[in-house]
Amino acid sequence: MRPIDQQTPTYMPTANRPINAGTSMNDNTSRLDGVAKVTGAARYGRDMHLPNAIYIALVRCPYGAADLESSDAAAAKAVPGVLEVEVTGKEGKYHGQPIGHVAAESPLAMKRALRALNCTWKRKPVKTRISDVAPDMPAPEDKTKEILESAELKLEAVYSTPVQPHSSLETHGGVVDHKGDRATVYASTQGTSSVKDGLGDSLGLPQSAFEVVCEYVGGGFGSKLGGPGKEISTAARIAAKYKRPAYLFCNRSEEHLDTGNRPSLRALVRLGFMKDGTILGGEIHKWGGVGVGGGGGGASLPSGRYRLGDVKKSDSNVSTNGGGPRPARAPGNPQGVFVEELMLDEVAAMAGIDPLDLRRKLVTDDIYKEMFDLGARLIGWQDRRANGTQRTGLRTGFGVGSTNWGYRGPQGSAEVVINRDGSVEVRTGTQDIGTGQRTIMGIVAAEALGVPLRVVNVRIGHSTLPPGPGSGGSQTAYSTSPIMNSATRDARQQFLTLLAKGDGADAAEFDIKDGQVLRKGQPYLTWQEACAKLPNDGVTGKNEAHPDGGAGGSQGVQFVKVAVDVEAGVVHPLHVVAIQSCGRVVCRKTAESQIIGGVIQGLSYALFERQILDRNVGTMVNDNFEFYKVLGPMDMPHIEPVLWARGQTGVRSLGEPPIIPTAGATAGAIFNAIGRPVRDLPMTPDRLLAAMEGGAS
């Protein structure tokens with residue numbers, strides 16, 4: 001029997017969500033690593049407390065902008081157990097910016113050294129919001145004036161979204177076990193290959209002398225892409241210097257401050273439209289708050305999913321005293337689509353049109369019309385009342401939004417080994433960010449080979465395995481599934497060819513189904529009997545260079561139903577229907593989980609999450625889970641994922657699309673309930689109450 005930290009297939013039929021029954025290669029298998037995760041047998045990078053390890057912390061600026069006036073490195077070095085103290089920076093431009101590090105024999109000595117260092121700072125003026133930097137709203141351009149003058153109706157509004165920090169449960173960092181001539185790097189990363197590519201200089205070793213291991217990742221959402229980062233690079237340098245293991249992981253506060261974020265947005269919209277809902281055009285000005293980052297503040301607005309006429313758009317990055325952005329699940333999309341969907345709801349309200357009918361009129365792809373029809377039926381759209389017509393203290397609202405995601409084709413490599421004992425090992429260096437990659441690879445290989453999943457062992461997350469893509473851009477499943485399928489079919493063909501050769505037959509006579517080897521359609525050998533005829537090293541299949549994935553983009557729509565307590569301004573999400581095209585579904589449970597997770601994050605973004613910086617000193621005041629609010633169990637609605645595969649082939653993106661429309665659909669539902677648009681995220685009680693009192697928030 002396999003040890004618990006390996007894969008143990010478990011099967012539990014899904015009785016709820018019958019609409020998705022029979023849509024996947026495998027409807028009932030649970031995650032192969034599910035038992036290991038829930039029992040604690042799964043070891044994450046943060047769990048790797050190795051003997052004789054050095055513990056490292058970064059010295060950070062405590063203000064939005066400040067100069068370092070003094071520090072006491074001698075006192076810090078005098079703390080028992082401290083190995084080194086280094087302060088190289090003299091200026092901080094955001095709260096949490098590193099200016100040095102301390103390294104010690106224990107976590108306690110490390111913390112004592114930080115206190116003994118006793119840094120003193122001279123604060124400087126800060127800018128914490130887009131409005132602190134961006135100019136006043138520009139006047140309409142001549143073309144916009146012409147459009148507005150010719151329109152029967154017009155909308156001019158300003159919308160905003162906040163900075164949303166990454167909040168990975170496993171914080172950023174890694175452990176480097178340096179043994180002198182070799183090393184192992186236990187990284188919390190979304191790209192084992194990219195970490196390896198960026199770490200050789202810090203380790204002082206050739207790439208052939210070290211391995212990056214990432215068996216499990218406790219979240220990343222885009223922030224753990226792009227190489228080793230400052231945390232793992234620093235640990236690597238110190239491990240190489242002392243030839244000892246080095247441990248550096250952010251604490252919870254640092255995770256909020258210095259691991260990237262979804263940038264804020266301010267958008268000015270001017271649109272001219274007709275009473276039948278036809279939008280003539282206008283202009284959209286966008287300002288993205290990028291902190292100290294040099295860019296990354298763009299928002300997908302307009303999205304291209306709706307016909308908005310002749311719209312001129314402008315984009316500007318606005319620098320403030322905050323940490324810079326990093327890719328965040330569907331970068332640029334949730335903030336842009338919040339604006340676009342609420343904007344369309346406002347157009348519909350002014351024109352006296354049902355907002356769903358308006359979208360049917362404006363969408364550029366007919367697949368959305370089919371999805372709208374199904375979603376409206378599932379959410380009960382026929383019960384929607386006109387905006388602001390309810391007079392009770394608890395009012396119900398309905399909203400809708402759309403999403404889509406592109407496709408770039410297969411990439412990466414894979415190997416499949418069939419052993420003489422009947423076991424099958426599938427190999428890919430691709431890591432599992434938590435979305436089920438290990439399970440998906442096992443199912444793809446088992447189906448292509450024709451054997452039960454229980455005989456398949458999946459190896460992932462090691463840089464010594466065939467390289468795979470980073471877990472970003474919603475590309476992992478659709479990139480690696482055809483690659484793994486190709487490698488498995490190569491192994492299968494080799495297997496049947498060897499079997500036929502030994503019997504003096506033609507390989508075309510043989511087949512494998514349900515773990516049974518058939519000859520001319522009749523049972524011939526058990527799987528174990530056939531494998532026993534293989535050479536000692538079995539057979540190894542490898543993928544073709546560019547197998548055909550046969551997939552396409554991922555469209556989707558979401559419907560949100562809420563109840564709003566208009567006396568308290570509190571929103572209670574009740575029901576979300578999330579229809580998502582996903583082509584060939586490999587594993588029903590992981591696919592549904594991806595959609596549900598995206599909706600949860602989208603609702604949290606809509607109603608709770610925001611970075612709050614003290615406007616006087618630039619310090620983040622909610623750098624913890626006590627005051628940085630996220631959607632909790634008591635806020636959770638009934639989420640109904642619908643796997644849409646009608647007329648589709650190939651595996652499609654499923655990681656990022658489901659988060660895109662949620663905030664916009666929620667904003668429309670709130671607008672429907674209270675009769676006023678709330679144009680700023682998060683839509684907190686104070687903003688709802690202000691909207692009801694005086695118009696849009």
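# A tour of the side chains

Select F559 to begin: at 0% relative accessibility, F559 counts as buried. The model on screen is a predicted one.

**Stop 1: the rings around F559**

Add F372 to the selection. Which kind of aromatic pair do F372 and F559 form, and what is the angle between the planes? The pair is edge-to-face, with 85° between the planes and 6.5 Å centre to centre. Colour the model by secondary structure to see that F372 belongs to helix α12 (residues 367–379) and F559 to strand β26 (residues 556–565). The two positions are 187 residues apart, and the pair links distant parts of the chain. F372 is buried too, with a relative accessible area of 0%.

Now show W381 and F398 as well. Together with F372 and F559, these residues form one aromatic cluster.

**Stop 2: F510 and Y524**

Go next to F510 and Y524, another aromatic pair that is edge-to-face. Here the rings are 5.5 Å apart centre to centre, and their planes make an angle of 70°. F510 lies in strand β22 (residues 510–513) and Y524 in strand β24 (residues 522–526), so the pair ties together parts that are 14 residues apart in sequence. Is each ring buried or exposed? F510 is buried, at a relative accessible area of 6%, whereas Y524 is partly exposed, at 30%. The structure as a whole holds nine aromatic pairs.

**Stop 3: R492 and D511**

Keep strand β22 in view and select D511, then R492. Their side chains meet in a salt bridge, at 2.2 Å from N to O. R492 sits in helix α14 (residues 476–502) and D511 in strand β22, so this contact ties together parts that are 19 residues apart in sequence. R492 is buried, with a relative accessible area of 15%, while D511 counts as partly exposed at 24%.

For a set of linked salt bridges, select R17, D27, R588 and E592. Shared partners join these residues into one network.

**Stop 4: more salt bridges**

How many salt bridges does a search of the whole structure find? The search finds 32. One of them is formed by D276 and K361, whose closest N and O atoms are 4.0 Å apart. D276 is in the loop between β15 (264–273) and β16 (279–291), and K361 is in helix α11 (residues 355–362), so the pair ties together parts that are 85 residues apart in sequence. D276 counts as partly exposed at 44% relative accessibility, and K361 counts as partly exposed at 35%.

Then select D366 and K369, which form a salt bridge with 3.4 Å between the closest N and O atoms. K369 is partly exposed, with a relative accessible area of 32%.

**Stop 5: arginines over rings**

Select R262 and Y605. The charged end of R262 sits over the ring of Y605, 5.5 Å from the ring centre. Move on to R679, which lies over the face of Y159 at 5.8 Å from the centre of that ring.

**Stop 6: a nonpolar patch**

Switch to a surface view and pick L169, F625 and V630. They make a nonpolar surface patch of about 290 Å². L169 is found in the loop between β9 (164–165) and β10 (173–178), and at 71% relative accessibility it counts as exposed.

**Stop 7: cysteines**

How many disulfides does the structure hold? It holds zero. C119 is in no disulfide, and the nearest cysteine sulfur, in C61, is 9.6 Å away. C119 counts as partly exposed at 24% relative accessibility. Why does C582 have no bond to C587? The sulfur of C587 is the closest cysteine sulfur to that of C582, but at 12 Å it is too far for a bond. C582 is buried, with a relative accessible area of 3%.

**Stop 8: two glycines in loops**

Select G422, in the loop between β19 (415–418) and β20 (424–427). G422 is buried, at a relative accessible area of 3%. Draw a distance from its C-alpha to that of D614: the two are 62 Å apart in space and 192 residues apart in sequence.

End at G655, in the loop between β29 (638–644) and α17 (662–674). At 15% relative accessibility, G655 counts as buried. From G655 to G281, the C-alpha distance is 32 Å, with their positions 374 residues apart in sequence.

Terms used
Residues numbered from 1 in each chain as written. Predicted model: local features only at pLDDT ≥ 70, side-chain atom pairs only at ≥ 80, totals over all residues. Heavy atoms only, no water. Disulfide = S-S within 2.5 Å. Buried < 20%, exposed > 50% of the residue type's maximum accessible area, 1.4 Å probe, protein only. Phe/Tyr/Trp six-rings, centres within 6.5 Å; stacked < 30°, edge-to-face > 60°. Helix = DSSP H or I, 4+ residues; strand = E, 2+ residues; numbered from the N terminus. Lys NZ or Arg CZ within 6 Å of the ring centre and 35° of its normal. Patch = residues over 30% accessible without salt bridge, like charges linked within 9 Å, V, L, I, M, F, W, Y side chains within 5 Å. Areas by Shrake-Rupley, 256 points an atom, 1.4 Å probe, with all protein chains shown as cover.
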